[in-house]
Amino acid sequence: MPLRTLCCMRAIAWDMDGTLVDTEPRWGIATYEMATLMGVDLTPEQRAVTVGGTAEHTISTCLEFAGQTPNPELIDTWKTWFFARMGEILSEGFDFRPGFPALLHDIHDAGIPQALVTNTARALVDHCLPVIGDGFFATSVAGDEVPRGKPYPDGYARACDLMDVNPNDVLVVEDSPTGMSAARAAGCRVLGVPVEPGLELPEGIKTLHELRGVTSFAPRDGHPWRIDDFQELWNEL
């Protein structure tokens, strides 16, 4: 489908963990283990505070729940442990979220630039990209490649610059409130696909469930999602 038929939607940017791939439970494993080593057993509600955040945010949050005061040296020490543990977990494999990677393939074939924007560090992103299919993306931006991670807009703003598109013409698909806030702050149009139950979403964010009554991009009645479906969603956001 020619790009000019897509009105103002010039590109799509995807979050990674929890949106494209079902890695949020794996991040949960590492987070719970780390908190236990720090001396606290996180509740699911406490764990939810870390969803979508940077490694620094996750570590600082766990330290605070453990009654410790975060400082740069302590955060760096735990970051080394956290990344090593996540590398082990990701090397065991992970699953795609429903509908992927076929949907990425369809959008790529339609000639629509796609970006991957994540709070995950580049070293861990590179565990995942070859499996997801790095050829689908015009660019990818990792959390340690911008001055500030989500919920700040830096990652999405950087992706828009690299794709040479106006943020107002970019659809962002995000599962976490942190990422939704970042995308909206960058000036993008946002579609929420929350996976974790009970998350409080930013005011005004519309979700796939709200618009279509489903929580994922799994085929509906045997029909896969296509680029036309995203144009319709774009017009409703």
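In which strand is the place of Trp14? Trp14 belongs to strand β1, which covers residues 11-14. The model that holds this strand is predicted: local features need pLDDT of at least 70, side-chain atom pairs count only at pLDDT 80 or more, and totals for chains, interfaces and linings use all residues. Residues are numbered from 1 along each chain as its sequence is written, and side-chain values use heavy atoms, with hydrogens and water left out.

The overall form comes before the details. The protein contains ten helices and six strands; these are DSSP runs numbered from the N terminus, with helices being H or I of at least four residues and strands being E of at least two. A compact globule of 237 residues would have a radius of gyration near 18 Å, and the protein agrees with this because its value is 18 Å. That radius is taken over C-alpha atoms, and the globule rule is 2.2 Å times the number of residues to the power 0.38. Taken along the principal axes, the box filled by the C-alpha atoms is roughly 55 × 35 × 35 Å.

Of the 237 residues, 51% are buried, where buried means under 20% relative accessible area, exposed means over 50%, and partly exposed lies in between (1.4 Å probe, protein chains only). The accessible surface comes to about 10,600 Å², and carbon and sulfur atoms hold 51% of that surface; such areas come from the Shrake-Rupley method with a 1.4 Å probe, and for residues only the protein chains shown count as cover. Among contacts with a separation of 6 or more, 63% are between residues 24 or more positions apart, a contact being heavy atoms within 4.5 Å.

Trp14 can now be placed in this setting. Its relative accessibility is 0%, so Trp14 counts as buried. Trp14 and Pro113 lie 99 residues apart along the chain, and their C-alpha atoms are separated by 11 Å. Strand β1 is also one of the elements against which the buried residues of helix α10 pack, the others being α5, β4, β5 (189-192) and α9. The buried residues in α10 are Ile227, Asp229, Phe230, Gln231, Leu233 and Trp234.

Helix α5 leads to Asp106, which lies in that helix. Asp106 counts as buried because its relative accessibility is 18%. Its C-alpha atom is 6.6 Å from that of Arg226, although the two residues are 120 residues apart in sequence. When neighbours within four places in sequence are left aside, Asp106 is in contact with Trp225, Arg226 and Ile227. Ile227 is also among the buried residues of α10.

A further packing involves helices α4 and α6. Two packed helices are described by the angle between their axes and the distance between the axes. Helix α4 (residues 72-91) and helix α6 (residues 122-132) pack at an angle of about 5°, and their axes are 10 Å apart. The two helices are therefore roughly parallel, a term for angles under 35 degrees, while those over 145 count as roughly antiparallel, 65 to 115 as roughly perpendicular and the rest as oblique. The axes are lines fitted to C-alpha atoms, for helices over the stretch in contact, and angles run from 0 to 180 degrees between N-to-C directions. On the α4 side the contact is made by Phe83, Met86, Gly87 and Leu90, and on the α6 side by Leu124, His127 and Cys128. These residues divide into five nonpolar, two polar and no charged. Helix α4 also holds Thr77, which counts as exposed because its relative accessibility is 51%. The C-alpha atoms of Thr77 and Glu45 are 25 Å apart, with the two positions 32 residues apart in sequence.

The loops hold several backbone features. The peptide bond from Phe100 to Pro101 is cis, with omega near 5°, and Pro101 lies in the loop between α4 and α5 (102-109). Another cis peptide bond joins Lys150 and Pro151, with omega about 20°; Pro151 is in the loop between β3 (139-141) and α7 (154-163).

Asp164, a residue other than glycine, has a positive phi near 60°. Asp164 is in the loop between α7 and β4 (170-174) and counts as exposed because its relative accessibility is 71%. Asp221 is not a glycine either, yet its phi is positive at about 50°. Asp221 is in the loop between α9 (208-212) and α10 (227-236), and its 76% relative accessibility means that Asp221 counts as exposed.

Technical notes. Nonpolar A, V, L, I, M, F, W, Y, C, P; charged D, E, K, R; others polar.
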